[in-house]
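Please open the model in your viewer and set it to show each chain in its own colour. The tour below moves from one selection to the next.

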Number of protein chains: 2
Amino acid sequence: MQVLRAMKSTSVSNEKDRAESPESNQSGKREQTKLANRAAILEAGRQIFAELGYEGTTVRDIIRRTELASGTFYNYFKSKEEVFHALHDDGVARFKPLLRAARENAGQDFQAFMITAFGAYFQFLLNDQTIDREMAAMPEWTRVRFDTPESLALFDELKGDIVAFATEFKLDHVDPELLTASCVGIAQEIGDRLLRGRIKDIQAAARFAAYFVLGGSQRVQSEMQA
Amino acid sequence: MQVLRAMKSTSVSNEKDRAESPESNQSGKREQTKLANRAAILEAGRQIFAELGYEGTTVRDIIRRTELASGTFYNYFKSKEEVFHALHDDGVARFKPLLRAARENAGQDFQAFMITAFGAYFQFLLNDQTIDREMAAMPEWTRVRFDTPESLALFDELKGDIVAFATEFKLDHVDPELLTASCVGIAQEIGDRLLRGRIKDIQAAARFAAYFVLGGSQRVQSEMQA
DNA sequence: ATACGATGTTGACGCGCTGTCAGCTTTTCG
DNA sequence: CGAAAAGCTGACAGCGCGTCAACATCGTAT
């Protein structure tokens with residue numbers, strides 16, 4: 001059963017919409033169903049992953065929480081991995097503007113950028129319904145990490161920002177690759193501890209990370225040029 | 001077929017060993033077989049994981065590369081996950097003495113400790129036959145990360161060392177939890193890039209990381225007490 | 001309104017993996 | 001040597017996987 005049929009009973013919108021706004025979005029019934037099905041699978045996936053963990057969930061678990069037949073799943077995703085990637089990319093996409101805002105607001109102030117960026121990341125991790133948040137909360141020993149193209153694009157953007165600031169501040173002996181890697185590593189590891197409650201104070205963590213990176217960069221610069 | 005039987009044909013040692021050294025190690029035939037079987041499974045696991053990736057391998061793949069029957073696997077491990085953990089822990093156990101050596105040799109020199117420790121880690125990652133090395137080389141988007149008790153013990157040991165140095169150097173406003181997290185994050189992220197060839201120079205990377213941590217800690221100390 | 005192709009859904013199917021267990025072989029020990 | 005213990009073996013039931021022929025629904029031309 002397509003999910004649209006199930007929703008019809010509770011939903012007020014129907015064919016009239018199409019009559020009133022004939023060329024609004026893709027609002028053929030077919031398109032609507034596709035969107036609804038995809039959304040249903042993603043939502044079911046989010047729930048099941050949170051309950052069973054990545055390893056523990058099966059495509060069947062996901063589809064079972066849905067009104068769809070098992071075969072339908074494969075019209076939308078190749079595997080549970082692809083579902084997870086989509087969920088993950090959602091999170092990345094929601095975070096991206098926050099990073100951009102941090103850069104806009106910081107102007108030429110490297111320190112402000114770092115504090116805002118780390119703060120935004122930690123805040124985002126803890127508050128936003130990102131799939132990674134759910135997963136990190138699980139007490140598993142075997143974790144999964146995702147490097148989707150979307151993630152990598154975010155890293156690249158971050159690297160661009162960092163290079164710009166590094167140039168501005170004459171950090172010409174600081175390898176941007178290493179610097180970006182360090183920032184990412186720090187963010188991930190501290191973020192992980194925040195999610196597990198080993199660390200509590202987000203603002204303190206953000207300031208720590210920011211000062212750490214600033215001090216680290218400068219020290220590397222002075223040591224490396226010697 | 002137990003692997004011992006297979007080895008017998010090429011192995012010279014046999015019952016005589018037991019007669020000659022009756023109470024050497026656990027050298028009952030039974031004990032020997034158990035050791036050999038376990039080792040065979042681990043070795044097969046190492047190969048298969050490297051070939052198929054963590055997600056891609058099945059218990060059957062592992063056991064098939066062995067002369068054992070499928071049921072026997074479960075006398076030794078509960079799942080492929082447990083095999084992987086054992087392999088991972090092997091690596092951790094081999095690295096531990098290197099970290100200890102770094103601390104011994106450094107004496108009171110925090111900088112020397114950091115350079116040696118990071119260097120040892122990167123060297124170890126690239127040279128030692130650790131299972132993680134094999135896996136990171138694979139071009140997957142979905143990675144797996146392991147926090148075994150063994151890993152966590154290593155982190156704790158590292159944290160102890162770091163706290164000792166932090167105390168020595170009056171870094172009393174630097175949260176040890178955050179500092180350790182940062183060191184681990186930096187090591188992991190740079191290590192990852194080394195494994196994938198995005199970064200080449202191990203020594204430069206080690207110095208970068210060490211100076212970064214030193215400078216970072218000091219900056220945090222001075223900012224936080226203000 | 002009707003009919004017809006296009007599009008998407010359904011669920012049963014064959015295959016392979018999982019973990020178990022009764023039966024058997026090998027080792028240990030008296 | 002013989003009996004008991006240990007542990008190996010492979011068949012088995014259960015389940016998840018991805019596919020696909022049959023079917024239902026939608027879009028569109030007449």
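**Where the chains meet**

Begin by selecting the residues in contact, meaning those with heavy atoms within 4.5 Å: 47 residues come from chain B and 46 residues from chain A. This is a predicted model, in which local features need pLDDT of at least 70 and side-chain atom pairs count only at pLDDT 80 or more, while totals for chains, interfaces and linings use all residues. Residues are numbered from 1 along each chain as its sequence is written, chains are lettered from A and ligands numbered from 1 in the order in which they are written, and side-chain values use heavy atoms, with hydrogens and water left out.

The area buried between chain B and chain A (accessible area, 1.4 Å probe, that two parts lose on being put together, summed over both) is about 4,400 Å², and carbon and sulfur atoms give 61% of it. Next select Trp141(B), Phe208(B) and Phe212(B), which lose the most area to chain A in chain B, together 16% of what that side buries.

Turn then to Arg145(A) and Glu189(B), which form a salt bridge with the closest N and O atoms 3.2 Å apart; the term requires a side-chain nitrogen of Lys or Arg within 4 Å of a carboxyl oxygen of Asp or Glu. Between chain B and chain A the count is 8 salt bridges.

Finally, show strand S1 (residues 142-146) of chain A beside S1(B), strands being DSSP runs (E, at least two residues) numbered from the N terminus. The two run antiparallel and are joined by 5 bridges, where Val144(A) has Val144(B) as its bridge partner.

Methods:
Two strands pair if DSSP finds at least two bridges between them. Helices (H or I, at least four residues) and strands (E, at least two) are DSSP runs, numbered from the N terminus.
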